[in-house]
Amino acid sequence: MRQRFEKISRRLRPVAHLARPLAQRATTLPFPDAAGGDGGETAHVTHRDRPTPRLSWTKVAFLVVVMLPTTLAALYFGFIASDRYVSESTFVVRSAKSPLSGGLGGLLQIVGISRSQDDSYSVQEYLLSRDAVTALSQKLPIRDIFSRDGADFVARFPNPLYGDTDEQLFQYYKSRISVVHGATTGLTTLKVETFQAQDALAINRILLELGEALVNRMNERIRADAIRYAEAEVARGQERLVETQIAITEFRNRELMLDPSKSSLIVAELIGRLAAELAVVMSQLREVEASSPNSPQISGLQRRISALEAQIVLERQRVSNASDGLAEKIAGYERLTLQREFAVKALSSAVTSLEVARNEARRQQLYLERVVEPHIPDYAEQPRRLRSVLLTFAGSLMLFFVGWLLFAGVREHSIKLK
């Protein structure tokens with residue numbers, strides 16, 4: 001049988017040698033030219049001449065822009081990212097006194113339940129400041145807290161984004177602390193994110209204590225300012241009263257009279273008595289002249305009348321003289337008296353304000369009320385792995401489509417220009 005198969009194969013060798021050109025000719029394909037015909041020429045394409053498949057720029061861009069970031073995000077959030085625990089608390093800063101408003105808000109403010117948005121923003125800014133980081137570092141080892149064992153190289157401190165400096169620690173601190181104030185409700189929510197639940201609780205409590213300390217310092221400042229201002233007003237009132245009293249004393253020493261008003265009354269009474277006496281003497285003179293015109297009493301009565309009239313004129317000049325008369329002295333004295341009365345009233349009002357300020361200083365003006373106490377988390381809220389991967393994919397896909405649209409528009413514009 002074997003010998004027979006060898007004989008057949010020897011007989012078929014010449015035929016196989018002649019069939020090779022036919023097989024090669026059977027694999028040739030006509031390649032149409034640009035006009036759509038065969039062009040009279042035939043392109044021989046063999047399995048050696050066939051072009052290798054190539055990736056288009058669209059596929060490459062999709063792989064680089066979309067698939068690569070999504071794959072890296074899936075690897076990081078799925079196998080590398082460390083769990084982070086979030087401790088949350090809520091507080092409100094309210095003021096004991098504030099302007100009244102209508103409705104229920106005014107009723108609550110009357111009983112002392114009112115909130116102060118400005119002070120809430122002050123506490124919010126303080127908790128996110130370098131001063132808070134410094135005060136927190138004095139009570140807790142925050143560098144060790146943010147670089148616990150087991151924390152991944154991206155989320156811990158220091159990391160590729162944040163170096164080991166105080167400024168970069170502050171920036172990293174702001175990425176792990178969230179303070180959000182609700183303008184409608186007046187509540188402020190504080191969130192702390194760390195790699196261990198106990199650390200998040202400890203930082204949250206310390207930050208609340210720092211916020212309360214800030215409010216207490218603001219209270220002390222309000223008290224000190226109110227009392228200092230009231231005491232300054234009392235001191236100014238006392239100085240004004242002393243100056244006015246000194247001016248009155250100098251006036252009395254200079255004019256040699258205690259009260260010009262009383263002196264004017266005395267002068268007025270004297271003028272009245274002189275006028276009455278003048279009337280009596282003139283009546284006597286008329287009577288004597290009528291009874292005995294040659295009486296020697298007439299000359300004496302006339303001299304007395306002249307003396308009384310001269311004295312009356314002199315006393316009236318003492319009152320009405322423009323330079324040193326009693327009228328001018330009375331006006332100056334009354335002006336000093338009015339100044340003393342005003343100084344006494346101002347001093348009394350300042351003393352009352354000082355007592356009120358001291359009473360208000362004994363009250364708490366600002367309060368930091370804890371609405372929700374900080375709690376220790378029992379599960380890791382961060383990172384949200386699936387959502388992070390999906391967001392990475394969606395963002396990368398959007399970036400890819402935007403780039404593709406831009407490239408397509410530029411290409412179409414260049415084709416039109418050609």
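Contact means heavy atoms within 4.5 Å. The legends below describe a predicted model.

**Figure 1. Overview of the protein chain, with its twelve helices and four strands.** The chain has 418 residues, and 29% of them count as buried. Among contacts with a separation of 6 or more, 74% join residues 24 or more positions apart. The chain exposes about 28000 Å², of which carbon and sulfur atoms supply 59%.

**Figure 2. Helix H12 and its buried residues.** Helix H12 covers residues 385-417. With 33 residues at 1.5 Å a residue, H12 should span 48 Å, and the distance of 48 Å between its end C-alpha atoms agrees with this. Its buried residues are Ser388, Val389, Ser396 and Phe400. Helix H2 (57-80) is included in what covers these buried residues.

**Figure 3. Close-up of Ser388 in helix H12.** Is Ser388 buried or exposed? Ser388 has a relative accessible area of 17%, so this residue is buried, the cut-off being under 20%. Ser388 and Ala73 are 315 residues apart in sequence, yet their C-alpha atoms are 7.6 Å apart in space.

**Figure 4. The crossing of helices H5 and H7.** Helix H5 comprises residues 130-139, and helix H7 comprises residues 166-176. The two axes come within 10 Å and cross at roughly 100°. H5 is therefore roughly perpendicular to H7, because angles of 65 to 115 degrees count as such. On the H5 side, the contact is made by Arg130, Ala132, Val133 and Leu136. On the H7 side, Glu167, Phe170, Gln171 and Tyr173 take part. Sorted by type, the residues of this contact are five nonpolar, one polar and two charged.

**Figure 5. Two cis peptide bonds, each leading into a proline.** In general, most peptide bonds are trans. The bond from Phe157 to Pro158 is cis, with omega near -5°. Pro158 sits in the loop between helix H6 (142-145) and helix H7 (166-176). The bond from Gln382 to Pro383 is also cis, with omega near -5°. Where is Pro383? Pro383 lies in the loop between strand E4 (366-372) and helix H12 (385-417).

**Figure 6. Leu241 in helix H8 and its contacts.** Helix H8 consists of residues 197-255. Leu241 has 22% relative accessibility and so counts as partly exposed, because that class lies between the cut-offs of 20% and 50%. Which residues does Leu241 touch, not counting those up to four places away in sequence? They are Arg340, Ala343, Val344 and Leu347. Leu241 and Glu341 are 100 residues apart in sequence, and their C-alpha atoms are 8.5 Å apart in space.

**Figure 7. Ile312 in helix H10 and its contacts.** Helix H10 consists of residues 297-320. Ile312 is buried, because its relative accessible area is 6% and the cut-off is under 20%. Leaving aside neighbours within four places in sequence, Ile312 is in contact with Ile271, Leu274, Ala275 and Leu278. One of these, Ala275, is 37 residues from Ile312 in sequence. In space, the C-alpha atoms of Ile312 and Ala275 are 7.2 Å apart.

Notes. Residues numbered from 1 in each chain as written. Predicted model: local features only at pLDDT ≥ 70, side-chain atom pairs only at ≥ 80, totals over all residues. Heavy atoms only, no water. Helix = DSSP H or I, 4+ residues; strand = E, 2+ residues; numbered from the N terminus. Axes fitted to C-alpha atoms, helices over the stretch in contact; angles between N-to-C directions. Parallel < 35°, antiparallel > 145°, perpendicular 65-115°, else oblique. Nonpolar A, V, L, I, M, F, W, Y, C, P; charged D, E, K, R; others polar. Expected span 1.5 Å × (residues − 1). Buried < 20%, exposed > 50% of the residue type's maximum accessible area, 1.4 Å probe, protein only. Areas by Shrake-Rupley, 256 points an atom, 1.4 Å probe, with all protein chains shown as cover.
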